[in-house]
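Q: Could you take a close look at one part of this model for me, the sheet and what surrounds it?

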Amino acid sequence: MRQLVIRLFVLLAVLATAGCGFHPRGTTQVPSEMKTLIVQSGDPYGPLARTVRQQLRINDVNIVEDSREASATYPTLRLGSVRQGRDTASVFISGTTAEYSLVMTLTAQVVLPGKGIYPISTTVYRSFFDNPNAALAKDAEQDMILQEMRQRAAEQLVRKLLTVHAAQLNNKETLPEPEVITPGSDSPEVPSSSATSLQ
């Protein structure tokens, strides 16, 4: 009898979470027209491109090889420039830096065949304590933080596909003409007016 009650409770919990639109952390309801994507990157085997591909697969997005026929049929996600920087957040009494504020900005474009190019961008912030007495541990910790920032940036980028879908449905004529980011080039960052219109 007790097992029956537990099973009913678990079944009720599953039905309740399915009905309210609950999704596991890190997943997004990707629009149906973007369930198959081409991913272009200047560094296709780099850590960021791998993280973005992994995040797309987590969200049940089918990634296809880039070809002329595929690009005429499926949307393309072009990964653009990645900018990393750090600012001093706090200092020791001696005047040396105690804590850094790390920032990572990723720009990209979504190309919808026959519908337009939509610029998107995301920025992730993290703090990092700079311990001068533990140089090796500090480097390892910084690498872990950067990997986490790439993960968060990839998650946010996938969520931005919803804003592209909404902008495409609304057919926003106020969207400025974006600068084309060609994979591998160090092109300037997308103008802030373009980025904020889809954030």
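**A close look at the sheet**

A: Start with a single pairing: V91 has T97 in β4 as its bridge partner. This is a predicted model, where local features need pLDDT of at least 70, side-chain atom pairs count only at pLDDT 80 or more, and totals for chains, interfaces and linings use all residues. Residues are numbered from 1 along each chain as its sequence is written, and side-chain values use heavy atoms, with hydrogens and water left out.

Back to the pairing: β3 (residues 76–91) and β4 (residues 97–112) run antiparallel, joined by 13 bridges. Strands here are DSSP runs of E, at least two residues, numbered from the N terminus, and helices are runs of H or I, at least four; two strands pair if DSSP finds at least two bridges between them. Further along, G85 is partnered by V103 in β4. The hairpin of these two strands has 5 residues in between, and G95 takes a positive phi near 100 degrees there.

On to the next neighbour: 14 bridges link β4 and β5, also antiparallel, with A108 opposite I120 in β5. In their hairpin, which has 3 residues between the strands, G114 has a positive phi near 75 degrees. As for burial (under 20% relative accessible area with a 1.4 Å probe, protein chains only), 13 of the 16 residues of β4 are buried, so β4 is largely enclosed by the rest of the structure.

Zooming out, the open sheet has 5 strands in the order β2-β1-β3-β4-β5, with mixed pairing. β2 (62–64) and β5 (116–129) are at the edges with a single partner strand each, so one side of each lacks a neighbour in the sheet.

Technical notes:
Buried < 20%, exposed > 50% of the residue type's maximum accessible area, 1.4 Å probe, protein only.
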